[in-house]
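Student: I'm new to this one and would like a close look at a single part: the place where the two chains meet. Could you walk me through it, and then show me how the surroundings fit in?

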Amino acid sequence: MSLSTSDVQKVARLARLAMNDTEIEAARIQLSGIFELIAEMQAVDTTGIEPMSHAQDVSQRLREDRVTEPDQRELFQSIAPQVESGLYLVPQVIE
Amino acid sequence: MINATLKHLSSALAAKHISSVELTQLYLDRIATHNPVFNAYTTVDAKISLAQAQAADARIAAGLAGPLTGIPFAQKDIFCAKGWRTTCGSKMLGDFIAPYDAHVISQFDRAGAVNLGKTNMDEFAMGSSNETSYFGDVRNPWDPQRVPGGSSGGSASAVAARLCAAATGTDTGGSIRQPAALCGISGIKPTYGTVSRYGMIAFASSLDQAGPMARSAEDCALMLNVMTGFDERDSTSLQRDQEDYSRDLNRPLSGLRIGLPREFFAEGLSADVGSRIAEAIAEYRKLGATVVEISLPNTRLAVPVYYVLAPAEASSNLSRFDGVRYGYRAPEYTDLADMYEKSRAQGFGEEVKRRIMIGTYVLSHGYYDAYYLQAQKIRRLIAQDFTDAFKQCDVIMGPTAPSTAFKLGEKGDDPVQMYLSDIYTIAVNLAGLPGMSIPCGFGDNAMPVGLQIIGNYFDEARMLNAAHQYQLNTDWHTRCPQGL
């Protein structure tokens, strides 16, 4: 399968990865090769087969709805790129 | 001392032949001498390690030592360790100091073990050669011109070069077993859900599993005893009774039924690797095992299925790296979207971006059924192959990797060629089964060959028994690279 330039541009945008034209073209060639490998899968008849999402046949555990974690805001914010007054700073999004 | 088993180290510490501080210093000195060549460690912090060793010595003196107390281990840099730089091999986490401990790290701490440092790895565990690390290639101690395998290549290299007593690794598609094979050490990926993933930086959550990498199967068993156990902080951690994984090590092998999947011995397997595996099987027959040919008909689909499912999960897991709460943020940007896009573009390496893009594509509107759902259905077929096979045998054996360690840069330009080096290991992750690799000789280029042993769910003790009995009767696992 061969991907188009616009396919790759769309994926890069969805994945939030800035890429220039040279990088898009390199990715297009490599991804096309990988999708050729993946294409082998398409020919398999899987009618009636239940998808397997997990290795063990177990259901999600439930727990009581109570507070289990202590407040560690200061510790966690100490490794953030930019914080102020206990808030994470990002470029302005609302005019 | 550097060739001693964990059991010997533990008795030497108990008998005061050596202290944990002396043992830790011995390894720190070796790291200082040899790490510039092998680049197996990304972070070493002698102060923390020696403080832990001192505490261990006090614990030993107080008569409160466990089997791993005072022994220095290397931890793959995928495990968060409080106060330690935890990079996951990425520029994205280049300055990240973990604010908490992964479950695996706390288990080693509780056991009184010493953390010697964090080992190099493929970026976000995506790679089979350790060439995708932001912190440089790791070298194979058997030949520094060759790769150690990946993604736990730093751990494998450190164990083989005697730069730690043993190490931890993680395995999503072969990342413990393949580097163990390429570096001539023993490593086991346990049944999915056995070791908590809490604090282990996520790649593909339905496949990721941590395990030990050591110089013998016996050492692996002792480490598993510490690493496993229920942890409520991992939603897929299994609630099971605690096992002693060393309980069956000394059982004789007579009557063990070994299944040899014909698909593992077909086109693509190097002749020298094939011969070493055949010799290992002959040894097992001598030890009383019987051999039956089996079939895993969907083997060839494991790589394509994996390269849909693992990137899909990765693209979702790695969306958390946004330059806001922690990790790398680009120095210049115009608005929020631009900040996300530039931080991620600059923070992630090529292979990681490639896999995020594959994952984003297969999960995107209009392609979900054709790729993701289809892959999940074939995943069931692959798991069913194993269930059927285990009706005829107790363990499955074959090669871990199709060839011995290749040269650095050899597979650099072609991701597909690199992906195929995990052809025998990936299906085991898809099924969630335990698998291990033990050394069984050397190839034509004098590089180690690994024998893969695959067990049924929760059958680690039997696999370790099979591996240990082989190691009692052969000495491949005791070989040491020249000059070390």
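Tutor: One definition before we start: helices (H or I, at least four residues) and strands (E, at least two) are DSSP runs, and they are numbered from the N terminus. Keep in mind, too, that this is a predicted model.

Now to the meeting of the chains. On one side, 69 residues of chain B take part, and they are in contact with 47 residues of chain A. Together the two chains bury about 5,200 Å² between them, and carbon and sulfur atoms give 68% of that area. Three residues stand out here: B:M357, B:Y361 and B:R380 supply 13% of the area that chain B buries against chain A, more than any other three residues.

What about charges across the boundary? The rule finds 1 salt bridge across the interface of chain B and chain A. You can find a salt bridge between the side chains of A:E40 and B:R300, at 2.8 Å from N to O. Polar contacts are there as well, with 18 residue pairs found across the interface of chain B and chain A.

Which helices of chain B should you look at? Those that each supply at least two residues of the side touching chain A are α9 (302-317), α10 (336-347), α11 (350-363), α12 (369-389), α13 (415-419) and α14 (426-431). Of these, α12(B) gives the most to that side, with 12 residues. Sorted by class, the side of chain B that touches chain A has 40 nonpolar, 13 polar and 16 charged residues.

Let's turn to the pockets. The largest pocket has a volume of about 620 Å³. Its lining is made of 27 residues, and B:C80, B:Y100, B:G199, B:R320 and B:Y326 lie nearest the centre. Chain A has a share in this pocket too: helix α3 (residues 73-77) of chain A gives the most to the lining, with 3 residues. By class, the lining of the largest pocket comes to 15 nonpolar, 6 polar and 6 charged residues.

The second largest pocket also brings in both chains. Its volume is about 530 Å³, and 18 residues line it. Nearest its centre you'll see A:R63, A:T68 and A:E69 from chain A, along with B:E232 and B:R233 from chain B. Here the lining divides into 6 nonpolar, 5 polar and 7 charged residues.

Beyond the pockets there are cavities, and the structure holds 7 of 30 Å³ or more. In the largest cavity there is about 100 Å³ of space. Its lining residues include B:G193, B:T194, B:F230, B:R240, B:D241 and B:F458, and by class the lining has 4 nonpolar, 5 polar and 3 charged residues. The second largest cavity has about 60 Å³ of space. Of the 14 residues lining it, B:A125, B:G127, B:S175, B:Y306 and B:D422 lie nearest its centre. That lining divides into 5 nonpolar, 7 polar and 2 charged residues.

Back to salt bridges for a moment, this time over the whole structure: the count comes to 24 over all chains. One to look at inside chain B joins the side chains of B:K118 and B:D77, at 3.0 Å from N to O. B:K118 lies in strand β3 (residues 114-119) of chain B, while B:D77 is in the loop between β2 (72-76) and α4 (103-110) of chain B, so the pair ties together parts that are 41 residues apart in sequence.

Last, a couple of backbone details. Most residues other than glycine have a negative phi, and most peptide bonds are trans. With that in mind, look at the bond from B:G150 to B:S151: this peptide bond is cis, with omega near 10 degrees. You'll find B:S151 in the loop between β3 and α5 (153-160) of chain B. Over in chain A, A:R16 is not a glycine, yet it has a positive phi of about 55 degrees. A:R16 sits in the loop between α1 (5-14) and α2 (21-39) of chain A.

Key. Residues numbered from 1 in each chain as written. Chains lettered and ligands numbered in written order. Predicted model: local features only at pLDDT ≥ 70, side-chain atom pairs only at ≥ 80, totals over all residues. Heavy atoms only, no water. 1 Å grid on protein atoms, 1.4 Å probe; cavity = no way out; pocket = protein on both sides within 12 Å on 5 of 7 lines; lining within 4 Å. Points joined across faces, edges and corners; volume = space filled by probe spheres on them. Nonpolar A, V, L, I, M, F, W, Y, C, P; charged D, E, K, R; others polar. Contact = heavy atoms within 4.5 Å. Buried area = accessible area lost by both parts, 1.4 Å probe. Salt bridge = Lys/Arg side-chain N within 4 Å of Asp/Glu carboxyl O. Polar contact = N/O pair within 3.5 Å; in protein donor to acceptor, adjacent residues only side chain to side chain.
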